Amino acid sequence: MNSKQLISRKIEAFYNKASEETRLDKGMGVFEFERIKSLIEKYIPSPSSTIIDVGGGTGKYSEWLAKKGHQVHLVEPVAKHIKLAQSRSNRSKDKFSVQRGESRKLKFKNNFADLIILHGPLYHLQKKEDRNLTISEAKRVLKNDGIILGFAINYTASTLVGLLNGLIHKNPFFEMCKEELTSGLHNPPDDFPWLLAEAYYHTPEQLKNEFIDQELIHLNTYAVEGMAWLDKAYFTSMLNDQRKKTLLELISVTENDSYLLPFSPHMMIAIQKKSTYGK
């Protein structure tokens, strides 16, 4: 990746083909959007916070946060997403700023934000040194006592999906799963072009350590989907009030269980900056 590139060509090509704009409006995305909003709300510091949405895609979360009265700044490396996010902001009564950029070099002053959301950088940067840069930049622009919410893909995600739908028995898919389980590296085989582009899949402990190694305070790690998505009739159940209540309660009861975190495809880590760390 040269200095002018904000993101790898493979990742840019993946998002140019995929529809990130509609992903959260259908299927699993509908429930993901509501669940992530509820997780973010746990950590919004004040009714009028300064929030940076890094890797904010087409701006669905930024728009929601701006409507709640926050000063929101979206940062996104994919040109297609920037256009869609700017259009979303322009249409909204509650504006949010949109800038093309990426997590390793944020264009904000020190101690600027109350809350930083890392939506894609932790899994789209395969090299540990790049993720370390992302975390140090978030720490730099975060106010003391501020919060970082980082979203990551679990190292078990592809394997669980493969077991449920039978893809695990296709050798290229299984080889990909073995690599994810042992090294965290996700590189989709050529015959599965619809899979997420190159990425890094964390274990819960690795995710935690990458932050505490930079003298940040670990508050909690949450399962996003939890085990509820393993319900064979998940979508039907989520449209039934009683069954939905059961699944949501299951997520709530198990969301911080470290032993059960690997059953959730996605995780959210909550981190705090304290200038007195270690004193």
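**Exercise 1. Trace the β-α-β unit made by β1, helix α4 and β2, and state its hand.**

Step 1. Work on the predicted model shown above, and pick out helix α4 at residues 60-67. Together with β1 and β2, helix α4 makes a β-α-β unit that is right-handed.

Step 2. Now look at how the two strands pair. β1 and β2 run parallel and are joined by five bridges. One place to see this is Ile-52, whose bridge partner in β2 is His-73.

Step 3. Carry on along the chain from β2. Helix α5 (residues 79-91) takes the chain across to β3, in a β-α-β crossover that is again right-handed. Four bridges hold β2 and β3 together in the parallel sense, and here Leu-74 stands opposite Val-98 in β3.

Step 4. Finish with the surroundings of β2. Strand β2 covers residues 71-76, and because five of these six residues are buried, the rest of the structure largely encloses the strand.

**Exercise 2. Place the strands in their sheet, and find which strands lie at its edges.**

Step 1. Write down the order: β3-β2-β1-β4-β5-β9-β8. These seven strands form an open sheet with mixed pairing.

Step 2. Check the ends. β3 (97-100) and β8 (217-223) each pair on one side only, which makes them the edge strands. From one strand to the next, the twist averages 15°.

Step 3. For an antiparallel pair, go to β5 (residues 142-153) and β9 (residues 266-272), which share seven bridges. Ile-153 stands opposite His-266 in β9.

Step 4. Add a helix to the picture. Helix α7 (residues 128-141) lies across β1 (50-54), β4 (113-118) and β5, and runs at about 150° to β5.

**Exercise 3. Describe the geometry of the aromatic pair Phe-31 and Tyr-234, and say which helices it ties together.**

Step 1. Take the distance and the angle. The ring centres are 5.6 Å apart and the planes stand at 90°. Planes over 60 degrees apart count as edge-to-face, so this pair is edge-to-face.

Step 2. Locate the partners. Phe-31 belongs to helix α3 (residues 28-41) and Tyr-234 to helix α11 (residues 234-238), so the pair links parts that are 203 residues apart in sequence. Both Phe-31 and Tyr-234 are buried.

Step 3. Widen the view. Phe-235 joins Phe-31 and Tyr-234 in one aromatic cluster, and a search of the whole structure finds eight aromatic pairs.

Step 4. Compare with charges placed over rings. Lys-60 lies over the face of Phe-33, 4.5 Å from the ring centre. The charged end of Arg-131 sits over the ring of Tyr-200, at 3.8 Å from its centre.

**Exercise 4. Decide whether Phe-173 is buried or exposed, and list what it touches.**

Step 1. Find Phe-173 in helix α9. Its relative accessible area is 2%; buried means under 20%, so Phe-173 is buried.

Step 2. Collect the contacts. Leaving out residues up to four places away in sequence, Phe-173 touches Ser-158, Gly-162, Leu-167, Ile-168, Pro-189, Phe-192 and Leu-195. Phe-192 is 19 residues away along the chain, with the two C-alpha atoms 8.0 Å apart.

Step 3. Follow two of these contacts, Ser-158 and Gly-162, into helix α8 (residues 157-165). Both are buried there, as are Ala-157, Thr-159 and Leu-160. The cover over the buried residues of α8 includes β5, α9 (171-183) and β6 (185-186).

Step 4. Close with the residue that follows α8: Gly-166 has a positive phi, near 85°.

Technical notes. Residues are numbered from 1 along each chain as its sequence is written. This is a predicted model: local features need pLDDT of at least 70, side-chain atom pairs count only at pLDDT 80 or more; totals for chains, interfaces and linings use all residues. Side-chain values use heavy atoms; hydrogens and water are left out. Two strands pair if DSSP finds at least two bridges between them. Axes are lines fitted to C-alpha atoms, for helices over the stretch in contact, and angles run from 0 to 180 degrees between N-to-C directions. Contact means heavy atoms within 4.5 Å. Buried means under 20% relative accessible area, exposed over 50%, partly exposed in between (1.4 Å probe, protein chains only). A crossover is right-handed if, with the strands pointing away from the viewer, the path from the first strand over the helix to the second runs clockwise. Rings of Phe, Tyr and Trp (its six-membered ring) pair if their centres lie within 6.5 Å; planes under 30 degrees apart count as stacked, over 60 as edge-to-face and the rest as tilted. A charge sits over a ring if NZ of Lys or CZ of Arg is within 6 Å of the ring centre and within 35 degrees of the ring normal.
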